[in-house]
Amino acid sequence: MGLTETDRKEVVKYRLERAKSTLAEVPFLMENEFYGTAINRLYYACYYATTALLVSNGHEAHTHTGVKTLLALHYIKEGLIEKSLGKMYGQLFNMRQTSDYEDWITLDESDVKQFIEPTEQFISAIENLISSQP
């Protein structure tokens, strides 16, 4: 990536803030029954947090699948992030893809609601990993 240490820390901070602000959009979307968009925002909240973690450790991915793969390889496989949270991220990835690109897909409140708390836990776990780094 070619970032200085200062730049790297700023990117990590920005992406964590972006993860939280993206997650903060979800209650409005749920209230207004924009369930497909809510899944999109939950996925991207996790994605931004994951990319913050990857950048913090010098990992670089160029695709969404690459981000998911690096998370699994360096953090889930190593036991640093719970497998259940990794599975949830994968489910959000698939649901976001389906919702964004497939025809006649309709999500409802229950499809989305089950992912809100795990997304919060996912972001918190990543923040804890980043803050525990030297």
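1. Let's start with the lining of the largest pocket: by class, it has three nonpolar, three polar and three charged residues. Keep in mind as you look around that this is a predicted model.

2. Who are these residues? The lining is made up of Glu 5, Arg 8, Lys 9, Val 12, Ser 56, Asn 57, Ile 130, Gln 133 and Pro 134. Try clicking through them in the viewer. Which helix gives the most to this lining? That would be helix H1, residues 5–23, with four residues. As for the space inside, the largest pocket holds about 170 Å³.

3. Now zoom out to the whole fold. The protein chain has six helices and zero strands, so if you read the elements from the N terminus on, you get α-α-α-α-α-α. The radius of gyration is 15 Å, close to the 14 Å that the globule rule gives for 134 residues, so the chain is as compact as a globular protein of that length. If you want a box to picture, the C-alpha atoms fill one of roughly 45 × 25 × 25 Å, taken along the principal axes.

4. Next, what's inside and what's outside. Of the 134 residues in the protein chain, 42% count as buried. The chain exposes about 7,800 Å², and carbon and sulfur atoms supply 49% of that area.

5. How does the chain meet itself? Take the contacts with a separation of 6 or more: residues 24 or more positions apart account for 67% of them.

6. Helix H4, residues 64–76, is a nice one to look at up close. Its buried residues are Gly 66, Val 67, Leu 70, Leu 71, Tyr 75 and Ile 76. What do they pack against? They sit against helix H3 (35–56), H5 and helix H6 (109–131). Colour those helices separately and have a look at how H4 meets them.

7. One last residue, over in helix H5 (residues 83–101): Ser 99. Is Ser 99 buried or exposed? Its relative accessibility is 19%, and the cut-off for buried is under 20%, so Ser 99 counts as buried. Setting aside its neighbours within four places in sequence, Ser 99 is in contact with Gly 36, Ile 105 and Leu 107. Gly 36 belongs to the stretch 35–56, which is helix H3.

Terms used
Residues are numbered from 1 along each chain as its sequence is written. This is a predicted model: local features need pLDDT of at least 70, side-chain atom pairs count only at pLDDT 80 or more; totals for chains, interfaces and linings use all residues. Side-chain values use heavy atoms; hydrogens and water are left out. On a 1 Å grid over the protein atoms alone, a cavity is a set of points where a 1.4 Å probe fits but cannot get out, and a pocket is an open set with protein on both sides within 12 Å along at least five of seven lines; lining residues have an atom within 4 Å of a point. Grid points are joined across faces, edges and corners, and a volume is the space filled by probe spheres set on the points. Helices (H or I, at least four residues) and strands (E, at least two) are DSSP runs, numbered from the N terminus. Ala, Val, Leu, Ile, Met, Phe, Trp, Tyr, Cys and Pro count as nonpolar, Asp, Glu, Lys and Arg as charged, and the others, Gly among them, as polar. The radius of gyration is taken over C-alpha atoms; the globule rule is 2.2 Å times the number of residues to the power 0.38. Buried means under 20% relative accessible area, exposed over 50%, partly exposed in between (1.4 Å probe, protein chains only). Contact means heavy atoms within 4.5 Å. Accessible areas come from the Shrake-Rupley method with a 1.4 Å probe; for residues, only the protein chains shown count as cover.
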